[in-house]
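Reader: I'm in my first year and still learning to read protein models. Could you take me slowly through one part of this one, please?

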Amino acid sequence: MDISRRTLIGTTTGTLALTLLPVRVAHAAQMVDVRMWPAEEYTRVTLEHDEPIKFKYFLVRSPMPYRLVVDIEGLKLTAKLQKMISDVSPKDPYIQAVRIGQFTPTVVRLVMDLKSEVRPEVFSLKPVANYKYRLIFDIYPVQSEDPIAGVIAGLNNKGQQKDPLGDLIAQNRQSAKQNESSKETKTEPQKPAQTAKNTNAEKNKAQASTSKSKTAAETKKQTQPKAVAPKKRDIVIVVDAGHGGEDPGAVGKRKTYEKHITLSIAKRLERLIKREKGMKVVMTRSSDHFVSLSQRVMIAQKAKAHLFVSIHADAWTKPSAKGSSVYALAERGATSSAARWLAKNQNDADLIGGANFKEVDRRLQSVLVDMTTSWKINYSLELGHSVLQYLSRINTLHRRQVEQAGFLVLKAPGIPSILVETAFISNPQEERKLKTAAYQQKVADAILKGIKAQVKKNDSIMQS
């Protein structure tokens, strides 16, 4: 057979036809699922399979379009796999189409047609939780080497207010121009007809001179810049929607995913904060994609956040557990075994979501070192207590006190941080409630009211 017959054969639909080469892969891995998570930050494609596989990849830059080529050894190609691969979202910002075919008797070739040049990261993961082996493709835009920068881009341009000092200087300049103009306008004095009239004229002239001196003094006083108090920096709040993408979080009896609930509540809270004067908001994620714990912390640092609020929906082994609760970071240990269990569960998000640990920047890993201070812990506890008070008005409290444990996502140095468990998604009644727009809005409103009450009581975060 001619060697050209061993290349991928495209069809008009963008899928690939199989070559006639026989497949002689012993104990070939079977594909379990193919998932795609498109987002502006990056697109993730996940191939889940039941056995380990070997792979290598390279980029093709010409002829156009750009292509990412991946050769997979030890994978069985089936019609089902071809269909899964070809189902690419037309809204994906980076991938135009995905094709797959038998390249050699032992190698399956996957080709991604790209909309532009990209920076790919390809890595594999071992089985964890409910997942088997995974081969993951993270497609980043080549223009942005820093995936975090895009999240907070334009933050300083949102909701800007006028500069009072700049306005004052502009007014003074205008006033000075008007004064110069008035000086240049002269009137011809009347000639005196007799001595009595001259005397009166002199008196009037003296009065006019005195009045002019007063006016000049007042004008000079007005034109001097007044001392303006430094403009207060807006309070920056990072709202973190827990889980996302490959990491679904807890799943309710009615197949409600925690990641969807947290994102919906986070977006509602975002809208509320945007309406507040003197507040700005940054979201760690605004779509259904995976964000590692270290990236969430780094977003808060780069945004120079004053507060960090992570939103979740609790789960427990028994469906009877119910109520809302709030957690803060512990300098060491945990306040209860339940808090310790929850922290461990949340800290496993990177393993479940599929963090590329080999490519994670050292700076991102370093922020997870617990560099917290007593002030940060104390403020977090006060903030958590304030939020709990308002949550108690809309739901039962599972814990009446703020619990503490070693949550990685709350470890942004110097930034007071809390984790809000809005309700138990594992409780059928609360699962139904969590799915309603009314309850989601109440939760968002309660969190904001708690934040505002705490800031009014203690505004020391503005000096942090």
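Author: Happily! Let's look at a pair of helices: the axes of helix α10 (residues 374-391) and helix α12 (residues 437-457) come within 8 Å and cross at roughly 135 degrees. Helices here are DSSP runs of H or I with at least four residues, strands are runs of E with at least two, and both are numbered from the N terminus. Axes are lines fitted to C-alpha atoms, for helices over the stretch in contact, and angles run from 0 to 180 degrees between N-to-C directions. This is a predicted model, in which local features need pLDDT of at least 70 and side-chain atom pairs count only at pLDDT 80 or more, while totals for chains, interfaces and linings use all residues. Residues are numbered from 1 along each chain as its sequence is written, and side-chain values use heavy atoms, leaving out hydrogens and water.

Back to our pair: α10 and α12 are therefore oblique to each other (under 35 degrees counts as roughly parallel, over 145 as roughly antiparallel, 65 to 115 as roughly perpendicular, and the rest as oblique). Their crossing is right-handed, meaning that the near helix is turned clockwise from the far one by less than a right angle. Where they meet, α10 brings residues including Tyr379, Leu383 and Tyr390, and α12 brings residues including Ile447, Ile451 and Val455; contact means heavy atoms within 4.5 Å.

For another helix, try α7 (residues 337-347), whose buried residues (under 20% relative accessible area, with exposed over 50% and partly exposed in between, for a 1.4 Å probe and protein chains only) are Ala338, Ala339, Leu342, Ala343 and Gln346. Seen down the axis of α7, these fall within an arc of 135 degrees, so they line one face of the helix; the arc is that of the directions from the helix axis to the C-beta atoms. On the other side of α7, Ser337 and Lys344 are exposed.
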